[in-house]
Amino acid sequence: MNILAILIGGMALLLQGCSYAISPAVSRTADRAVTFEHIQADPLSLKGKTVILGGLIFQILYVKNGTYIEIDQKELDYWGKPRRTNRTGGRFIVLHPRALDALLFAPGREITVAGVVTGTEKRSLGESAVMCPLINAREIKLWPQEKPGWDKPQFLDPLHDPNVPQGKFGY
């Protein structure tokens, strides 16, 4: 009996790790035919549509009715995670109804959002102002920060101690 419980628990964890970023209930309501380019071109004609977008957090701003999350849009992969690429479609704004933790929702974090297109929001970009699509959040997936991989080969050194600050002991 214990082995069966362990197998069922293991399968549940395995399937959870292979699921889409947004819950099936919200994902079913999203219009997958609507791309970010469509939203950016004419957000008012798509008002009320549920969409799934993602990218890197640029900044967050607290307002009295919640939190604005400004996101640098990235294409999503099969699982709904933003692709790691320099290509972007532009920026969009997400309004979340509650105050979010600025330490968790920090600039550079990967995020996937399901929400309803509600219009546009004016943002300054240097000397000029741009209109960004505005999405009211229904569901947010903040992706865990990944540790750097092969760009820092010191972890291959068996004598490397990550707890010793660099520069100590003359190296």
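This short report looks at the surroundings of one proline and at three paired strands. The structure is a predicted model, so please read everything below in that light.

Let's start with Pro43. Pro43 sits in a loop, with helix H3 (36-41) on one side in sequence and strand S1 (50-63) on the other. Its relative accessible area is 9%. Buried means under 20%, so Pro43 counts as buried. Which residues touch Pro43, once its neighbours within four places in sequence are set aside? The contacts are Val117, Gly119 and Thr120. Leu134 is also worth a look: 91 residues separate Pro43 and Leu134 in sequence, while the C-alpha to C-alpha distance is 8.1 Å.

Now to the strands. After S1, a hairpin of two residues leads into S2. Strand S2 covers residues 66-73, and eight of the eight are buried, so S2 is largely enclosed by the rest of the structure. S2 pairs with S1 and also with S3 (residues 91-96). The table sets out these two pairings, with a bridge partner pair for each.

| Strand pair | Bridges | Direction | A partner pair |
|---|---|---|---|
| S1 and S2 | eight bridges | antiparallel | Ile57 and Ile71 |
| S2 and S3 | six bridges | antiparallel | Glu70 and Ile93 |

On the S2 side, then, Ile71 is the bridge partner of Ile57, and Glu70 has Ile93 in S3 as its bridge partner. When you follow these strands in the viewer, one general point helps: in a regular strand, side chains alternate between the two faces of the sheet.

Notes:
Residues numbered from 1 in each chain as written. Predicted model: local features only at pLDDT ≥ 70, side-chain atom pairs only at ≥ 80, totals over all residues. Heavy atoms only, no water. Helix = DSSP H or I, 4+ residues; strand = E, 2+ residues; numbered from the N terminus. Buried < 20%, exposed > 50% of the residue type's maximum accessible area, 1.4 Å probe, protein only. Contact = heavy atoms within 4.5 Å. Pairing = 2+ DSSP bridges.
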